[in-house]
Amino acid sequence: MYNFTSFAATLNELEPSMERLLAPTDCRLRPDIRAMENGDIDLASAEKERLEEKQRAARRDRSKDEEEWSTRWFHLGTNPFTGAEDWLYAGGYFDRKYTDCPNIY
């Protein structure tokens, strides 16, 4: 499907029992991706456009308030294995405390 290998296609698979374990910001919950994978290309396109506009509005709001955006579970740092600048896991995701996650979808 979509020129993915069988393995790659399963990476985005969403089992019903997983939903309660995932952060509400997990990409597997994206409505545009779900629609595309279910074969509803028109809905996927409409959802992608809606999500992009929602992201633009959020950025405008942060800009007005001069709020600085930062990632929650990763930070930019030096990879200890390569010595290169990289995104490093900051911890906390697997604590499953997602009460203050933003509504991004």
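Contact here means heavy atoms within 4.5 Å. In this predicted model, Tyr-98 is a useful place to start. Leaving aside neighbours within four places in sequence, Tyr-98 is in contact with Leu-21, Leu-22, Ala-23, Pro-24, Trp-73 and Tyr-93. Several of these residues reappear in the largest nonpolar core, which has 7 residues: Leu-14, Leu-22, Ala-23, Trp-73, Tyr-93, Tyr-98 and Cys-101. In soluble globular proteins, nonpolar side chains tend to be buried together.

The aromatic members of this core can be followed through their ring geometry. A pair of aromatic rings is described by the distance of the centres and the angle of the planes. The whole structure contains 6 aromatic pairs. In one of them, Trp-73 and Tyr-98 are arranged edge-to-face, with 6.1 Å from centre to centre and 90° between the planes. This pair links distant parts of the chain: Trp-73 lies in the loop between helix 3 (41-64) and strand 1, whereas Tyr-98 lies in the segment after strand 2, 25 residues apart. Trp-73 has a relative accessibility of 13% and therefore counts as buried, since the limit for buried is under 20%. Tyr-98, at 12%, also counts as buried. Tyr-98 takes part in another pair, with Tyr-93; here the ring centres are 5.6 Å apart and the planes stand at 45°, so the pair is tilted. Tyr-93 is buried too, with a relative accessible area of 14%.

The aromatic residues extend beyond the core. Trp-73, Phe-74, Tyr-89, Tyr-93, Phe-94 and Tyr-98 form one aromatic cluster. Phe-74, Tyr-89 and Phe-94 also belong to a nonpolar surface patch of about 580 Å², together with Leu-76 and Trp-87. Strand 1 (74-78) and strand 2 (85-89) are the elements that give two or more residues to this patch. Phe-94 is found in the segment after strand 2. Is Phe-94 buried or exposed? Its relative accessible area is 59%, and because the limit for exposed is over 50%, Phe-94 counts as exposed. The aromatic cluster thus includes buried Tyr-98 and exposed Phe-94.

Charged side chains give another view of the model, which holds 9 salt bridges. One of them joins Asp-32 and Arg-30, at 2.4 Å from N to O. Asp-32 counts as buried at 4% relative accessibility, whereas Arg-30 is partly exposed at 25%.

Helix 2 (residues 31-37) contains both partners of another salt bridge, Glu-37 and Arg-34, which are 3 residues apart, about one turn of the helix. Their side chains meet at 2.6 Å, N to O. Glu-37 counts as partly exposed, at 23% relative accessibility.

In helix 3, Lys-64 and Asp-61 form a salt bridge of 3.8 Å, N to O. Because these residues are 3 apart in helix 3, about one helical turn separates them. Lys-64 counts as exposed, at 65% relative accessibility, and Asp-61 is partly exposed, with a relative accessible area of 41%. Elsewhere, Glu-53, Arg-56 and Arg-60 are joined into one network by salt bridges that share partners.

Technical notes: Residues numbered from 1 in each chain as written. Predicted model: local features only at pLDDT ≥ 70, side-chain atom pairs only at ≥ 80, totals over all residues. Heavy atoms only, no water. Core = buried A, V, L, I, M, F, W, Y, C linked by side-chain atoms within 4.5 Å. Buried < 20%, exposed > 50% of the residue type's maximum accessible area, 1.4 Å probe, protein only. Patch = residues over 30% accessible without salt bridge, like charges linked within 9 Å, V, L, I, M, F, W, Y side chains within 5 Å. Areas by Shrake-Rupley, 256 points an atom, 1.4 Å probe, with all protein chains shown as cover. Salt bridge = Lys/Arg side-chain N within 4 Å of Asp/Glu carboxyl O. Helix = DSSP H or I, 4+ residues; strand = E, 2+ residues; numbered from the N terminus. Phe/Tyr/Trp six-rings, centres within 6.5 Å; stacked < 30°, edge-to-face > 60°.
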